[in-house]
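Open the structure in your viewer and keep the sequence beside it. This tour goes from one selection to the next and says what is there.

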Amino acid sequence: GYPVKHELVSATVLSDFTYTSDAIATALIVMGHKKALDWTNSIDGVECYLISRGPLGEYKIGISNNFPTN
């Protein structure tokens, strides 16, 4: 019932199916930035774009290995 306490504030997931992307994005939010990025990079056909907040309020971006950037 308590919210997770880590830096990850947003997870955008791309996959072949919307329901898969939604479920994975929820799981990534629970994992936190590093675990989420590592896990996504281990799954074929799934990519993510993560936004985390640093200790001074700055934002950090995490992009999986094959996330489309064009």
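Select C48 and show what surrounds this residue. Setting aside neighbours within four places in sequence, C48 is in contact with T12, V13, L28, L37, T40, G62, I63, S64 and F67. The model you are looking at is predicted.

C48 also belongs to a group that deserves its own selection. Pick L8, A11, V13, I24, A25, L28, A36, L37, V46, C48 and L50: these eleven residues form the largest nonpolar core. Strand 1, helix 1, helix 2 and strand 2 each supply at least two residues of this core. In soluble globular proteins, nonpolar side chains tend to be buried together.

**The sheet**

Hide the side chains and switch to a cartoon view. Three strands make up an open sheet, with the order 1-2-3 and antiparallel pairing. At the edges are strand 1 (8-14) and strand 3 (59-63), each of which pairs on one side only. From one strand to the next, the twist averages 10°. Strands of a sheet pair through backbone hydrogen bonds, either parallel or antiparallel.

Now select strand 1 together with strand 2, which covers residues 47-53. Six bridges join the two in the antiparallel sense. To look at one bridge in detail, select L14; its partner in strand 2 is E47.

Move on to the other pairing. Strand 2 and strand 3 are joined in the antiparallel sense by five bridges. One position to select here is Y49, which stands opposite I63 in strand 3. Follow the chain from strand 2 into strand 3: the two form a hairpin with five residues between them. Within the turn, select G57, whose phi is positive at about 90°.

**The helices**

Add helix 1 (residues 18-31) to the view. Helix 1 lies across strand 1 and strand 2, and runs at about 155° to strand 1. Then add helix 2 (residues 33-41), which packs on the sheet and touches strand 1, strand 2 and strand 3. The direction of helix 2 makes about 170° with that of strand 2.

In helix 1, select S21. Is S21 buried or exposed? With a relative accessibility of 11%, S21 counts as buried. Not counting residues up to four places away in sequence, S21 touches V13, L14 and S15.

In helix 2, select T40. This residue counts as buried, at 1% relative accessibility. Leaving aside neighbours within four places in sequence, T40 is in contact with L28, V46, E47, C48 and S64. Use the distance tool on the C-alpha atoms of T40 and S64: they are separated by 6.7 Å, while the two residues are 24 residues apart along the chain.

Stay in helix 2 and show the side chains of K34 and D38. They meet in a salt bridge, at 2.8 Å from N to O, and the structure holds one salt bridge. How far apart in helix 2 are K34 and D38? Being four residues apart, they are separated by about one helical turn. K34 counts as exposed, at 58% relative accessibility, and D38 as partly exposed, at 42%. Side chains of opposite charge can pair when their charged atoms come close.

**The aromatic rings**

The last selections are rings. A pair of aromatic rings is described by the distance of the centres and the angle of the planes. A search of the whole structure finds two aromatic pairs.

For one of them, select F17 and Y19. The ring centres of F17 and Y19 are 5.4 Å apart and the planes stand at 20°, so this pair is stacked; planes under 30 degrees apart count as stacked. F17 is partly exposed, with a relative accessible area of 46%, whereas Y19 counts as exposed at 60%.

For the other, select Y49 and F67. Here the centres of the Y49 and F67 rings lie 5.7 Å apart and the planes are at 45°, so the pair is tilted. Y49 is in strand 2 and F67 in the segment after strand 3, so this pair ties together parts that are 18 residues apart in sequence. Y49 counts as partly exposed, at 27% relative accessibility. F67 is buried, with a relative accessible area of 17%. F67 also takes you back to the start of the tour, as one of the residues in contact with C48.

Notes:
Residues are numbered from 1 along each chain as its sequence is written. This is a predicted model: local features need pLDDT of at least 70, side-chain atom pairs count only at pLDDT 80 or more; totals for chains, interfaces and linings use all residues. Side-chain values use heavy atoms; hydrogens and water are left out. Two strands pair if DSSP finds at least two bridges between them. Axes are lines fitted to C-alpha atoms, for helices over the stretch in contact, and angles run from 0 to 180 degrees between N-to-C directions. Contact means heavy atoms within 4.5 Å. Rings of Phe, Tyr and Trp (its six-membered ring) pair if their centres lie within 6.5 Å; planes under 30 degrees apart count as stacked, over 60 as edge-to-face and the rest as tilted. Buried means under 20% relative accessible area, exposed over 50%, partly exposed in between (1.4 Å probe, protein chains only). A nonpolar core is a set of buried Ala, Val, Leu, Ile, Met, Phe, Trp, Tyr and Cys residues joined through side-chain atoms within 4.5 Å. A salt bridge is a side-chain nitrogen of Lys or Arg within 4 Å of a carboxyl oxygen of Asp or Glu.
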